[in-house]
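Welcome, and please load the model in your viewer with side chains switched on. We will go from stop to stop, selecting a few residues each time.

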Amino acid sequence: MEKGVSVMKGRKFLQVLEGARTIFLRDGFEGASVDDIAHEAGVSKATLYSYFPDKRIMFTEVFRNELARDTADAGALLEVDLPVHQILPFIVQLISAHIVSDFGMAMYRVSVAEAERFPSLAREYYESGPVQLRLRLVRYLRQRADLGELRITDFDLAADQLIRLAGATLHDRALFVGRQTVDAELLRAVSDGAVRMFMACYGTGMTEMRVAGE
């Protein structure tokens with residue numbers, strides 16, 4: 001969010017946010033009109049402006065709110081104390097699901113399209129989503145490495161690689177061909193392949209020893 005700008009949260013804040021989310025997903029950033037957002041949210045333009053004096057601030061708050069929910073879900077998974085090879089499939093599936101979701105694809109398209117004119121918008125998307133996810137993954141990978149389940153020297157790189165593996169094939173297909181071409185079978189295949197490749201690179205065999213000893 002732009003420095004020095006705070007968002008007032010009142011009784012109709014979530015109502016406005018949901019209306020803005022619907023219109024931004026439908027029309028994109030440039031095509032979204034304040035009139036349509038106010039109508040969708042069921043509020044007056046005066047009420048809308050009392051929360052968001054600028055459309056960029058509104059857009060930023062929409063994806064910050066959505067990404068916060070996604071990273072919270074990922075964070076909850078990362079707190080589960082199970083061997084890494086048992087948790088990674090669920091983590092990868094969660095990342096994959098966001099990448100190909102209607103919201104994930106729409107926010108990616110808009111952020112890339114507006115990056116040159118509104119670099120702060122693209123930077124906010126990056127810092128609110130990918131950066132936060134990477135930080136959580138790095139912390140988790142360090143914990144599992146301390147337990148002897150992983151052997152990693154560059155945790156930032158390993159976290160980035162896991163995220164990229166989760167989107168392999170899926171991102172480009174959903175972006176250029178359409179979300180309908182990504183089915184459950186493909187999601188499962190990508191998840192299985194991502195976990196196998198990641199563990200082949202960074203696994204130590206310690207996980208299997210722990211499971212056998214339980």
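**Stop 1: the cavity**

Begin by selecting Gly 75, Leu 78, Glu 79, Arg 136, Arg 139, Tyr 140 and Gln 143, which line the largest cavity. Keep in mind as you look that this is a predicted model. Which elements give two or more residues to this lining? They are α4 and α8, and α8 contributes the most, with four residues. The volume enclosed is about 50 Å³. Searching the whole structure turns up one cavity of 30 Å³ or more. Colour the lining by class and you should find two nonpolar, two polar and three charged residues.

**Stop 2: along helix α8**

Now select residues 130-146, which make up helix α8. This helix has 17 residues and spans 24 Å from its first C-alpha to its last, close to the 24 Å expected at 1.5 Å a residue. Which residues of α8 are buried? Show Val 131, Leu 133, Arg 134, Leu 137, Val 138, Tyr 140, Leu 141, Arg 144 and Ala 145 to see them. A reminder helps in reading such a list: an α-helix has 3.6 residues a turn, so residues three or four places apart point the same way. Tyr 140 deserves a second look, being one of the buried residues of α8 and also part of the cavity lining. Past the helix, click on Gly 148, which follows α8 and has a positive phi, near 85 degrees.

**Stop 3: the aromatic cluster**

Next, select Phe 24, Phe 29, Phe 59 and Phe 63, which form one aromatic cluster. How many aromatic pairs are there in the count? The count comes to seven. Phe 24 and Phe 29 make a stacked pair, with 6.3 Å centre to centre and 15 degrees between the planes. Both rings belong to buried residues: Phe 24 has a relative accessible area of 1%, and Phe 29 is at 4%.

Turn to Phe 59 and Phe 63, whose rings meet edge-to-face, 5.4 Å centre to centre with 80 degrees between the planes. Why are these two separated by about one helical turn? Because they are four residues apart in helix α4, residues 55-78. Phe 59 is buried at 0% relative accessible area, and Phe 63 is buried at 0% as well.

Before leaving, add Lys 55 to the selection. Lys 55 lies over the face of Phe 29, at 4.8 Å from the ring centre.

**Stop 4: a tyrosine in α3**

Select residues 45-51, helix α3, and pick out Tyr 49. Is Tyr 49 buried or partly exposed? At 39% relative accessibility, Tyr 49 counts as partly exposed. Draw a distance from its C-alpha to that of Val 34: the two are 15 residues apart in sequence and 9.0 Å apart in space.

**Stop 5: the largest pocket**

Finish by selecting Ile 99, Tyr 125, Pro 130, Ile 163 and Arg 164, which lie nearest the centre of the largest pocket among its 22 lining residues. The pocket holds about 700 Å³ of space. Elements giving two or more residues to its lining are α4, α5 (84-100), α6 (102-114), α7 (119-128), α8 and α9 (155-167). Coloured by class, this lining shows twelve nonpolar, six polar and four charged residues.

Key
Residues are numbered from 1 along each chain as its sequence is written. This is a predicted model: local features need pLDDT of at least 70, side-chain atom pairs count only at pLDDT 80 or more; totals for chains, interfaces and linings use all residues. Side-chain values use heavy atoms; hydrogens and water are left out. Rings of Phe, Tyr and Trp (its six-membered ring) pair if their centres lie within 6.5 Å; planes under 30 degrees apart count as stacked, over 60 as edge-to-face and the rest as tilted. Buried means under 20% relative accessible area, exposed over 50%, partly exposed in between (1.4 Å probe, protein chains only). A charge sits over a ring if NZ of Lys or CZ of Arg is within 6 Å of the ring centre and within 35 degrees of the ring normal. The expected span of a helix is 1.5 Å times one less than its number of residues. On a 1 Å grid over the protein atoms alone, a cavity is a set of points where a 1.4 Å probe fits but cannot get out, and a pocket is an open set with protein on both sides within 12 Å along at least five of seven lines; lining residues have an atom within 4 Å of a point. Grid points are joined across faces, edges and corners, and a volume is the space filled by probe spheres set on the points. Ala, Val, Leu, Ile, Met, Phe, Trp, Tyr, Cys and Pro count as nonpolar, Asp, Glu, Lys and Arg as charged, and the others, Gly among them, as polar.
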